[in-house]
Amino acid sequence: MGALAEFRRSERMLLPAPLGAVACSAVLPMVQVALAFGYRGSDLRTGLWSLAATAVYLPLHLRHVWYAARGVRPPSGHWTLAGMAVVILLATPLAGAMWVRSYTALIVSAMLVLPGPWSYVVYAAVVVAAAPVSHALGTPWNTAPWLVFSVMCGSMALLLLVWLPAALARLRTAREALAQQAVAQERRRIDAELRRTVGAALESIADRGQRLGSRLAQSEPPAAAEPAERAEPAERAEPAERAEPAEPSELADELTGLSADSRRALAETRRRVRGYRQPSLRAELETAAALLSAAGIATRLDLPRSGLPDTIAQPSRAALRAAITRLLRDHAVRACTITVTSLGGRVRLELRTDEAAEIVEVAS
């Protein structure tokens, strides 16, 4: 229950994360507008130009942030990025010397929209151009490095705010995909096992029932013969006399065997259905290994040759999941080996990392 509550709490925290990234991304442009009105060398004209340009490009920028924070590339992002870049660059000579700080939004949107190599090129080009552009707008050379540093720090801070919820969203998607994969794999295993056991038994029962029906049809008394047919020669009646009807005792034995096989098949079906209600140990181990691997932990499963128990009890499953959760939280873990041993009918799981080992007793 504690793990389930923690999972639901993390899901609730993930929902407002994109909204927080959008809100923080909107604060810096607002500060930039305030600086355009009140900074040294600025006036009402530069402030109005800054306000107008911000009102045009900011919705496009926040759109990029919203999609990226949810782990999705914005549709038509290249066009909206191009429009945003045109607005910011055209407003540069009109919105005052502090307008260079709006390049932070341009860098962030480029990093979120463009693929890897091109986004880095745009990032470097904008950072390099920030100092000479600000100096050309009237900023002293001793102030230009501060503007460049401000653009770099602001862009990195905003990118971290966006990348964190994006990573959480991708992790949730990967977790759902792993869960679906585990369900599909378990269904395939159940289908193969049912075909091998219950399916074979049902096919045998069906074949025996068909043969028994044919024998019953042959054992029925023949219909009353017509007077004309009685007068036929004995030679024509000889083939019919050769097909002897089945004895009632043989049919009774066959029916008794068929009923016993049906009861055994029903009992086997019920037993397997009860077993399917409990989780499979192999499925739990494979899911745990997949989760650890998805988190960047090199995981290896060491299973015994003698086979695994079909099921795992709830306390043992809870202990295994708790151990996996602790490993996922430990950022120092880089490799893990899950070893299953069976001695004297007792099954144990050993989760060994570089620094420690944990034992889980399996009760089926």
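Biologist: Along strand β3, which side chains are buried?
Modeller: Bear in mind that this is a predicted model. In a regular strand the side chains alternate between the two faces of the sheet. Strand β3 covers residues 346-352 and does alternate, with R346, R348, E350 and R352 pointing to one face and not buried. Pointing to the other face, and buried, are V347, L349 and L351.

Biologist: And over how many bridges do β2 and β3 pair?
Modeller: Take one rung to start with: S342 has V347 of β3 as its bridge partner. The two strands run in the antiparallel sense, and the count of bridges over which they pair is seven.

Biologist: Which residue takes a positive phi in the hairpin of β2 and β3?
Modeller: That hairpin has two residues between the strands. The phi in question is near 60 degrees, and it belongs to G344.

Biologist: On to β4: which residue there is the bridge partner of L349?
Modeller: β4 takes in residues 357-362 and runs antiparallel to β3, with six bridges joining them. The two strands form a hairpin with four residues between them. L349, one of the buried side chains of β3, has as its partner in β4 the residue V360.

Biologist: Let's switch to the helices. Which helix gives the most to the largest nonpolar core?
Modeller: The largest nonpolar core has 40 residues, and those with the most contacts inside it are Y57, I88, W99, I107, L112 and V162. At least two residues each come from α2, α3, α4, α5, α6 and α7. The biggest share, nine residues, comes from α5.

Biologist: How many residues does the other core have, the one that lies apart?
Modeller: Among its members are L320, V333, V347 and V360. V347 points to the buried face of β3, and V360 is the β4 partner of L349. The size of this other core is 20 residues.

Biologist: Back to α5: how many of its residues are buried?
Modeller: Buried here takes a relative accessible area under 20%. The polar residues Y103, T104 and S109 make that list, and I107 and L112 are on it too. The helix is largely enclosed by the rest of the structure, because its buried residues number 11 of the 11.

Biologist: How far does α3 reach from its first C-alpha to its last?
Modeller: α3 runs over residues 44-69, which is 26 residues. At 1.5 Å a residue the expected span is 38 Å, and the helix comes close to that, at 35 Å.

Biologist: Where in α3 is the kink?
Modeller: The bend is about 35 degrees and comes shortly before the proline P59. One residue to look at is among those with the most contacts inside the largest nonpolar core. Beyond its neighbours within four places in sequence, that residue is in contact with P29, M84, V87, I88, W99, S102 and A105. The kink lies at Y57.

Biologist: Is T46 buried or exposed?
Modeller: T46 lies in helix α3. Leaving out residues up to four places away in sequence, T46 touches A36, L94, A95 and G96. Its relative accessible area is 5%, so T46 counts as buried.

Biologist: What phi does S76 have?
Modeller: S76 lies in the loop between α3 and α4. At the α3 end there is G71, following the helix with a positive phi near 75 degrees. S76 is a residue other than glycine, and its phi is also positive, near 55 degrees.

Biologist: Why does L303 count as partly exposed?
Modeller: L303 sits in the loop between β1 and α12. Even there, L303 touches R282, L285, L308 and V340, not counting residues up to four places away in sequence. Partly exposed applies between 20% and 50%, and L303 qualifies because its relative accessibility is 29%.

Biologist: Last one: what is the relative accessible area of H331?
Modeller: H331 is in the loop between α12 and β2. Its C-alpha atom is 9.6 Å from that of A295, 36 residues apart along the chain. Exposed needs over 50%, and H331 is exposed because its relative accessible area is 66%.

Key:
Residues are numbered from 1 along each chain as its sequence is written. This is a predicted model: local features need pLDDT of at least 70, side-chain atom pairs count only at pLDDT 80 or more; totals for chains, interfaces and linings use all residues. Side-chain values use heavy atoms; hydrogens and water are left out. The expected span of a helix is 1.5 Å times one less than its number of residues. The bend at a residue is the angle between axes fitted to the seven residues ending there and the seven starting there. Buried means under 20% relative accessible area, exposed over 50%, partly exposed in between (1.4 Å probe, protein chains only). A nonpolar core is a set of buried Ala, Val, Leu, Ile, Met, Phe, Trp, Tyr and Cys residues joined through side-chain atoms within 4.5 Å. Contact means heavy atoms within 4.5 Å. Two strands pair if DSSP finds at least two bridges between them.
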